[in-house]
Amino acid sequence: MGKILNLWSGHDINLPGQVNRVVSKTKTPATYEVKPTDFNGLRPIPKLEVQIGSEVKAGQCLFYDKDLPDVKFASPVSGEVVEIIRGPKRRIEAIRILADSEQSFIDHGAADVNSLNVEEIKAKMLSGGVWPLITKRPFGVVADPNESPKAIFVSGYDTAPLSADTNFLLEGNEEAFQLGINALNKLTPGNVNLTFLQKFEPSAKIKAIENVDDHFVTGKCKHPAGNVGIHIHHIDPINKGDVVWTLKAQDVVVIGRLFLEGKYNTERLVAVQGPEVANPAYYKVYQGACIESLIIASGLKKEHVRFVSGDILTGTRVNQNGHLGFSDYTIAVIEEGDTYEFMGWQFPTTPRPSISRTFLSTWFNIFGISFDYEATTNMRGEKRAYVVSGQYEKVLPMDIYPVHLIKSIMYGD
């Protein structure tokens, strides 16, 4: 048993349209994209290994960064490269692949993790295309295989609004998850830390995972209690010169499949949900799938909406015919808030999220009455000076000065 984290700070934004544990069928997406822009620190023009018209298999290298040539960014599906999308100064924004009707994978060969040493595991993960799933802290860049992290952290639940249910995503993947944990264990002299939230009790099979230090978050368990950065701060803080690696629990499954099946298999459940989704549901697709068929299958309540790949706070805006981000397991849909609002925040209208007593609806929280908020993308104001208000300190369960940190980042300190 690992450490108990008792976190009472935080704030949940309750948005309607949460998905139930239902897996629906839909038309198989025709195209898939791998986006260099999904990776912090990657050069704007990586070294391409393919060109338009190239035939690729799932797991085949599409490009690599010239600074880390051993780290391969692989295709999630087999098919034909139909477009290389470029932005300003010819930066590569996406490589689009028209998928085959039947998927074919590069066979990297199954392997017994326990019989491999550190270098052999690294070599297999690098050649198998799964290495970009590992993120290095600080700075959130792709991990350098030449470094040795003091610890590895995996968060067992996401507390952001409209996030996929990690427990549900891991169901049926426990064997691959265990193999992924075993592989990660050999990459660090420290511990592999897996963190659960007490109010989202994991399944017995996940709780029985070996070679990992379990940590349980108690208290209110409100966002950002599920953020891996919060766990690092309380369990094994990063000091100057330290390196820590982090992964999503679902990405550990992809690593495990490489050793179990010998394939770069990114098949995943993706949640389509939000206030403007008529029938929220999960769909089984590969990484980087076009979201259009998923949106059509779920249906929309309104036409003027915004699609977000990832959670609603940190995700990326995409079009209806856009594609999933590299590590995204959620598509959130909310109303586009580009209409003028009479009297703005002063008008006593529908309930709105707030940690102060500015809006009438927040007073009901005193009596234990909660609301689902019909949020839009409206910022309800213009750009103004950044004022120290003390609000961040109320919701951030860390012993730091968040406003000072943000201001330092803003002016490049």
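The following paragraphs examine the nonpolar cores, an enclosed helix, the salt bridges and a pocket of this predicted model.

The interior is a suitable starting point. In soluble globular proteins, nonpolar side chains tend to be buried together. The largest nonpolar core here has 77 residues, and the members that touch the most others are M125, W131, F177, L184, I255 and I331. Among the elements of the chain, helix α6, residues 249–261, gives the most to this core, with seven residues. The surroundings of M125 illustrate the packing. When neighbours within four places in sequence are set aside, M125 is in contact with V130, W131, I134, L187, I255, L258 and F259. Apart from the largest core lies another, of 14 residues, which include V217, V228, I230 and I235.

Helix α5 deserves separate attention. Spanning residues 228–235, α5 has six of its eight residues buried, so the helix is largely enclosed by the rest of the structure. Those buried residues are V228, I230, H231, I232, H233 and I235. Three of them, V228, I230 and I235, also appear among the members of the core of 14 residues. The cover over the buried residues of α5 includes the strands β1 (4–7), β9 (135–137), β11 (151–155), β12 (192–197), β13 (213–219) and β14 (244–248).

Charged side chains provide a further set of links. Side chains of opposite charge can pair when their charged atoms come close. In this model the count comes to 11 salt bridges. One of them joins the side chains of E171 and R21, with an N to O distance of 2.8 Å. E171 is in the loop between α2 (166–170) and α3 (174–185), whereas R21 is in the loop between β1 and β2 (31–34), so this pair ties together parts that are 150 residues apart in sequence. Both partners are partly exposed: E171 has a relative accessible area of 42%, and R21 has a relative accessibility of 45%. R21 and E171 are also linked with D165 in a network of salt bridges.

A second salt bridge is formed by the side chains of K136 and E147, at 3.3 Å from N to O. Strand β9 holds K136, while E147 lies in the loop between β10 (141–142) and β11, so the pair ties together parts that are 11 residues apart in sequence. K136 counts as buried, because its relative accessibility is 17% and the limit is 20%. E147, at 23%, counts as partly exposed.

The side chains of R317 and E336 also meet in a salt bridge, at 3.5 Å from N to O. This pair links distant parts of the chain, 19 residues apart: R317 lies in strand β18 (residues 316–318) and E336 in the loop between β19 (330–335) and α8 (391–395). Here the partners fall into opposite classes, with R317 exposed at 55% relative accessibility and E336 buried at 9%.

The last feature is an open space. Rolling a probe the size of a water molecule over the atoms shows where empty space is left. The second largest pocket contains about 560 Å³ of space. It is lined by 17 residues, of which P138, G229, I238, M398 and L405 are the closest to its centre. Helix α5 returns at this point, as the largest share of the lining, three residues, comes from α5. By character, the lining divides into nine nonpolar, five polar and three charged residues.

Definitions and conventions
Residues are numbered from 1 along each chain as its sequence is written. This is a predicted model: local features need pLDDT of at least 70, side-chain atom pairs count only at pLDDT 80 or more; totals for chains, interfaces and linings use all residues. Side-chain values use heavy atoms; hydrogens and water are left out. A nonpolar core is a set of buried Ala, Val, Leu, Ile, Met, Phe, Trp, Tyr and Cys residues joined through side-chain atoms within 4.5 Å. Buried means under 20% relative accessible area, exposed over 50%, partly exposed in between (1.4 Å probe, protein chains only). Helices (H or I, at least four residues) and strands (E, at least two) are DSSP runs, numbered from the N terminus. Contact means heavy atoms within 4.5 Å. A salt bridge is a side-chain nitrogen of Lys or Arg within 4 Å of a carboxyl oxygen of Asp or Glu. On a 1 Å grid over the protein atoms alone, a cavity is a set of points where a 1.4 Å probe fits but cannot get out, and a pocket is an open set with protein on both sides within 12 Å along at least five of seven lines; lining residues have an atom within 4 Å of a point. Grid points are joined across faces, edges and corners, and a volume is the space filled by probe spheres set on the points. Ala, Val, Leu, Ile, Met, Phe, Trp, Tyr, Cys and Pro count as nonpolar, Asp, Glu, Lys and Arg as charged, and the others, Gly among them, as polar.
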